[in-house]
Amino acid sequence: MRSEKLTIRQMTMWFILYQLGSAFLVLPTHLASVAKQDAWISLLLVLTVQMMMILVYTGIMKHLNGVPFEEYIQKLLGKWLGKLFLLLFSLMFPFLIMSLSLRDLGEYLTTVIMPETPQEAIFALMLGAVIYVVFCGVTTIGRAAEVLFFLVMALLALGYLPLLPTAKVSNLLPVFEFGWKPIVNASFTNIAFPYIESVLFLYFTVQDRKPEKWRNVVMKSSLYSGVLFLYVTLIVITVLSPGVVSSLTFSSYFVVRTISFSEFFERFEVAVSVVWFIAIFFRMSLLMYVSARGLASVFQLGNYRSLLIPLGVIAYVLAGVVWPNTAVLVTSYRIWPFYAMIFGIICPILIWILGQVKKNAAN
Amino acid sequence: MNVLTRIGAVIMAMIMLVMLLTGCWNRRELNAISVVLAMGIDWVDKQYQISVQVSDPSQMSINRSVGERSPAIVFTERAPTIFEALRKITTKASRRMYLSHMRIVILDEEVAKRGIRNPLDFLFRDHEVRPDFHMVVARGCSAKEILSFVTPMEVLPAMDLYKSLKVSERAWAPTSAVNVVDMMQKSTKDGIEPVLTGITLVGNRKKGMKMDNIKQPRSLAEYNYTGIGVMLDDRIVGWLNESDSKGYSFITNNVHSTVGHVACPDSKGNFVVEVYNSKVKITPSIRNGKPFVSVELRSEANIGEYHCQADLTEIQVFSQLQQAAREEQKKVLENSIIHVQKRFGADIFGFGEYFHMKYPGQWQAWKKIWPDVFQNELKFEVIVKSELRKTGKITNSVH
Amino acid sequence: MNMIILLLFLSGAYVQYRALLKQQAVRDIVVSSCFLAVGASFILLKQFDVPLPSPMKGIENIFKPVETFVSRLLS
């Protein structure tokens with residue numbers, strides 16, 4: 001049987017790549033259109049909220065005590081209610097997000113790089129890769145994350161460090177021009193996408209089962225990716241002014257297009273977009289793993305691997321269906337945070353309270 | 001047996017991967033695309049006339065026969081919109097136009113007067129176009145004529161235009177190379193208006209489009225980057241002369257190095273000041289509810305030519321010359337701001353943005369009517385703190 | 001196009017089912033083939049241009065009042 005162990009390093013790197021996923025490209029545009037030049041302040045707000053939610057997740061982790069998350073849910077809520085909850089949760093949260101991420105990748109490639117390719121081809125190839133890697137097990141994904149992490153960081157540095165000379169800090173002024181309301185409004189989207197999805201990290205346990213170690217992993221990865229987001233948002237807003245950023249569809253890609261040094265260090269933006277490919281790959285593999293495990297536990301299958309291909313087929317169709325045009329996409333980005341918060345904030349708090357109540361009742 | 005099947009499976013996987021990685025769906029073979037180097041947009045007969053200059057790859061090699069075929073080819077087409085015109089060009093050209101390496105876009109004066117937002121919408125929206133080309137406006141001629149022009153220095157005319165623009169921007173202040181990213185930023189901000197450089201053709205144009213242009217040392221016609229065009233919103237409202245353009249470049253911190261003459265304080269000749277370092281600090285303030293801007297110029301310069309009589313090694317003469325240079329710079333800047341203010345009312349210097357950054361509350365009231373406020377109510381003062389440093393290889397003129 | 005993808009996935013499922021049969025994992029095969037049938041029917045529907053409902057539309061309809069409320073609160 002294939003082993004399912006992840007070292008702490010691998011877990012951290014996987015989580016960082018997961019959080020860099022879809023949000024990295026789309027977020028500066030949305031933040032700048034709502035909060036204008038204060039977009040970076042909403043990121044700080046988001047990181048604070050994330051740290052608070054991590055405390056809740058750690059509380060749940062402490063209740064778990066080494067039991068896999070899906071078994072714990074069934075123990076907590078009773079067999080049938082737990083199965084129902086797990087079924088709905090797995091289908092409506094990780095699985096849907098996986099289809100959305102897949103569709104994001106397809107949108108990006110067909111808008112910017114290869115407009116004549118049908119999106120189904122991209123979906124099929126990516127799903128093939130994701131299904132295979134999840135089939136091979138978590139250890140394989142962890143090792144792949146370890147190797148590809150450095151490539152991703154190198155490409156990010158290559159793409160975003162040369163922008164520093166052209167950054168104009170005057171594009172960030174005046175600070176707090178419209179007050180704190182737009183900042184909070186903008187932070188909603190960022191909280192939901194990708195930080196609230198940290199609730200899915202509960203499916204992963206650390207080797208010696210200590211909740212503190214798990215908490216450190218999640219905190220480190222959130223801080224790291226948060227700092228990366230902050231940097232990218234700052235750079236995007238200072239190089240292109242907030243007015244320009246809010247009208248671009250893929251602003252972090254566009255900003256790499258503007259690099260031009262001595263007429264030879266230029267025009268390599270497609271190399272930087274490999275970052276996004278890799279990040280979406282790890283995002284999808286985590287989401288696929290989580291939904292497969294949840295569903296396998298609902299139907300009491302011995303092994304989650306048998307569900308991978310059917311889930312892949314359904315995701316292939318779902319990704320083609322989720323939104324028909326760009327206008328629907330923009331609207332659904334505004335509405336998504338409230339849907340995600342149900343699964344990311346309300347559900348964990350309820351689970352934690354229930355677990356606390358049960359523990360007190362047991363004592 | 002197992003090892004053999006494994007090797008067979010690995011080889012099969014590798015073959016499949018190679019087949020999948022060729023990216024066949026969106027393939028563009030190199031001999032099916034033409035790399036567009038420059039694009040010209042004209043307005044003719046109520047339609048856009050697009051001219052593209054592409055390079056002929058066979059003429060770019062070293063063993064080519066000079067004078068047989070032109071290294072650059074120009075295609076033109078007319079259509080109500082630019083995207084249509086570009087696709088229509090395929091009815092005349094054997095390849096599809098590839099816009100990623102475009103260096104310069106030339107707009108007609110008609111197009112600039114009607115508004116550049118519509119032509120530029122395509123250039124911003126298309127996925128092939130990169131935001132690193134420059135834009136100029138053709139004065140007194142059409143963009144098509146400029147693209148069809150034969151240039152003496154470079155093989156490809158578009159590269160000649162592009163390089164000349166870049167070199168001129170660094171060496172001569174009245175030229176300002178307008179990058180697309182700057183144009184986008186200035187269009188979205190309320191407090192600053194974009195500008196465009198102008199280009200014109202002097203000499204015998206008809207002969208300039210033939211190879212005869214470069215067959216003798218003196219070209220029969222040549223191009224010339226002239227002043228800076230002031231835009232209000234997205235339309236050209238007027239042109240600045242050389243002195244005002246220089247003032248504009250100084251105030252917007254675009255001067256890398258420039259040269260200007262100053263009258264001698266004591267005699268009739270001129271001396272030339274070469275500025276190599278220039279920084280302008282703009283401080284906005286509000287006096288009596290009206291906007292007030294203080295422009296402080298600090299520059300360092302050398303003496304490039306000296307036709308005066310006084311002795312350059314004396315400290316007093318030097319400070320007299322420095323004072324004369326400062327007066328001259330102050331006059332240039334003041335005239336520039338006054339002319340733009342009174343004639344056009346377009347804030348190309350970006351004073352509005354400084355008010356936006358420092359007085360956001362007041363800016364909300366001024367935002368919509370800033371051109372008016374700029375034209376009628378803005379007062380300014382110019383403080384020049386330049387220094388003259390060196391005199392070159394010789395101190396006094398040799399006589 | 002879709003049919004080729006479906007065939008590829010089905011052949012992958014066939015290989016997997018053979019291995020599962022050897023392990024006598026009947027439950028896995030039943031559940032997995034249920035899901036696969038759902039997915040395959042989706043693809044067939046897509047092939048015949050039947051408009052499939054999008055879950056985002058459902059989410060949008062349910063959460064639109066929340067979103068308008070919050071954005072009015074924060075604008």
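How many residues of domain 1 of chain B are in contact with how many residues of domain 2 of chain B? I started my notes there, keeping in mind that this is a predicted model.

**Entry 1: the two domains of chain B**

I looked up the bounds before counting anything. The domain assignment splits chain B into domain 1, residues 30–239, and domain 2, residues 242–399. Then I got my answer: 19 residues on the domain 1 side touch 25 residues on the domain 2 side. Next I asked which elements of domain 1 supply that side. With two or more residues each, I found α6 (157–171), β9 (221–232) and β10 (235–239) of chain B. Of these, β9(B) gives the most, with five residues. I also sorted the domain 1 side by class and got 11 nonpolar, four polar and four charged residues. For the spacing, I took the centres over C-alpha atoms, and they sit 32 Å apart.

**Entry 2: who touches whom**

I moved on to the chains. Two pairs of chains touch, and the pair A and C has the most contacts. Chains B and C have no contact joining them; their closest C-alpha atoms are 13 Å apart.

For A and C, I noted 31 residues from chain A and 34 residues from chain C in the contact. On the chain C side, the elements that give two or more residues are α1 (2–22), α2 (26–47) and α3 (55–73) of chain C. I checked which one gives the largest share, and it is α2(C), with 12 residues. By class, I wrote down 20 nonpolar, eight polar and six charged residues for that side of chain C.

**Entry 3: a helix pair in chain A**

Last, I picked α6 (residues 94–113) and α15 (residues 308–321) of chain A. How do their axes cross? I found that they come within 9 Å and cross at roughly 55 degrees. I therefore logged α6(A) as oblique to α15(A). The handedness of this crossing came out right-handed.

I then listed the residues that meet. From α6(A) I have Phe95(A), Met98(A), Ser99(A), Leu102(A), Arg103(A) and Gly106(A). They meet Leu311(A), Ala315(A), Leu318(A) and Ala319(A) of α15(A). Tallied by class, this contact of α6(A) with α15(A) has seven nonpolar, two polar and one charged residues.

Note on methods. Residues numbered from 1 in each chain as written. Chains lettered and ligands numbered in written order. Predicted model: local features only at pLDDT ≥ 70, side-chain atom pairs only at ≥ 80, totals over all residues. Axes fitted to C-alpha atoms, helices over the stretch in contact; angles between N-to-C directions. Helix = DSSP H or I, 4+ residues; strand = E, 2+ residues; numbered from the N terminus. Parallel < 35°, antiparallel > 145°, perpendicular 65-115°, else oblique. Left-handed = near helix turned anticlockwise from the far one by under 90°. Contact = placed C-beta atoms within 7 Å. Nonpolar A, V, L, I, M, F, W, Y, C, P; charged D, E, K, R; others polar. Domains from an automatic or database assignment.
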